[in-house]
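Okay, thanks for making time, everyone. I'll put the structure up and walk you through it, starting in the sheet and then moving on to a helix.

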Amino acid sequence: MKKALLILTAAILSVNCLAQSSPSAKPVYDAALAKKLGADDYGMKKYVMAFLKEGPTQLKDSAANMQLQMAHLKNIGRLAAEGKLVVAGPFLDNQPLRGIFIFNVETVEEAQKLTETDPAIKAGALVMELHPFYCSAALMQVVPIHNTLQKKSMTN
């Protein structure tokens, strides 16, 4: 019975995959949007991914920590508004690896300059590990779409 169920599941998934890749289901290429988002022929582009890690300086004063966090969030908002940061978010498991940024830049050096503007980096509360990253140019749409979804700003 398990074997039959496994085969049935595999068959359904195969049909689903074929249906998604059929010529009639293929989206129409939008050359203007691809150009606007900086996509290459594969719909991809270069970014730099940052892993935010717990830094050597941890503030004991909760008010000072909250003030630093708000300054960090405002910097994130500024970079996103400038089009330099396309994704940012914390990990929720309270580990030394605190979160990620995906920068809309082509080199680690450019991303390094942007990380130096972050108050949490300046204070030593966070450090960043930077890596070149190749991903869908559609990431460039995250911030504009997010702005239509948020009822409240995290910094207000």
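Let's start with Ala88: which residue in S3 is its bridge partner? It's Phe101. Before I go on, keep in mind that this is a predicted model. That pair belongs to S2 and S3, where S3 covers residues 97-103, and the two strands run antiparallel with five bridges joining them.

Now zoom out to the sheet. It's an open one with four strands, in the order S2-S3-S1-S4, and the pairing is antiparallel. Who's at the edges? Strand S2, residues 85-90, and strand S4, residues 126-136. Each of those has a single partner strand, so one side of each is left without a neighbour in the sheet. As for the twist, neighbouring strands here are turned by 20° against each other on average, ignoring direction.

There's a helix to place against this sheet too. Helix H4, residues 108-115, lies across S1 (44-54), S3 and S4, and it runs at about 135° to S4.

Okay, on to H3, residues 62-81. Does the length make sense, or what should we expect from 20 residues? At 1.5 Å a residue the helix should span 28 Å, and the end C-alpha atoms are 28 Å apart, which agrees.

Which residues of H3 are buried? Leu68, His72, Leu73, Asn75, Ile76, Leu79 and Ala80. Looking down the axis of H3, the buried residues fall within an arc of 155°, so they line one face of the helix. That spacing in sequence may look familiar: an α-helix has 3.6 residues a turn, so residues three or four places apart point the same way. Over on the other side of H3, Met66, Gln67, Lys74 and Ala81 are exposed.

Have a look at both ends of H3 as well. At the N-terminal end, Asp61 is the cap, with a side-chain oxygen 3.2 Å from the backbone nitrogen of Ala63. Just after the helix, Gly83 takes a positive phi, about 80°.

Last, the whole chain. There are six helices and four strands, and from the N terminus on they run α-α-β-α-β-β-α-α-β-α. The chain has 156 residues, of which 24% count as buried. And if you take contacts with a separation of 6 or more, residues 24 or more positions apart account for 73% of them.

That's my tour, so over to you.

How values were computed:
Residues numbered from 1 in each chain as written. Predicted model: local features only at pLDDT ≥ 70, side-chain atom pairs only at ≥ 80, totals over all residues. Heavy atoms only, no water. Expected span 1.5 Å × (residues − 1). Buried < 20%, exposed > 50% of the residue type's maximum accessible area, 1.4 Å probe, protein only. Arc of directions from axis to C-beta. Polar contact = N/O pair within 3.5 Å; in protein donor to acceptor, adjacent residues only side chain to side chain. Pairing = 2+ DSSP bridges. Axes fitted to C-alpha atoms, helices over the stretch in contact; angles between N-to-C directions. Contact = heavy atoms within 4.5 Å.
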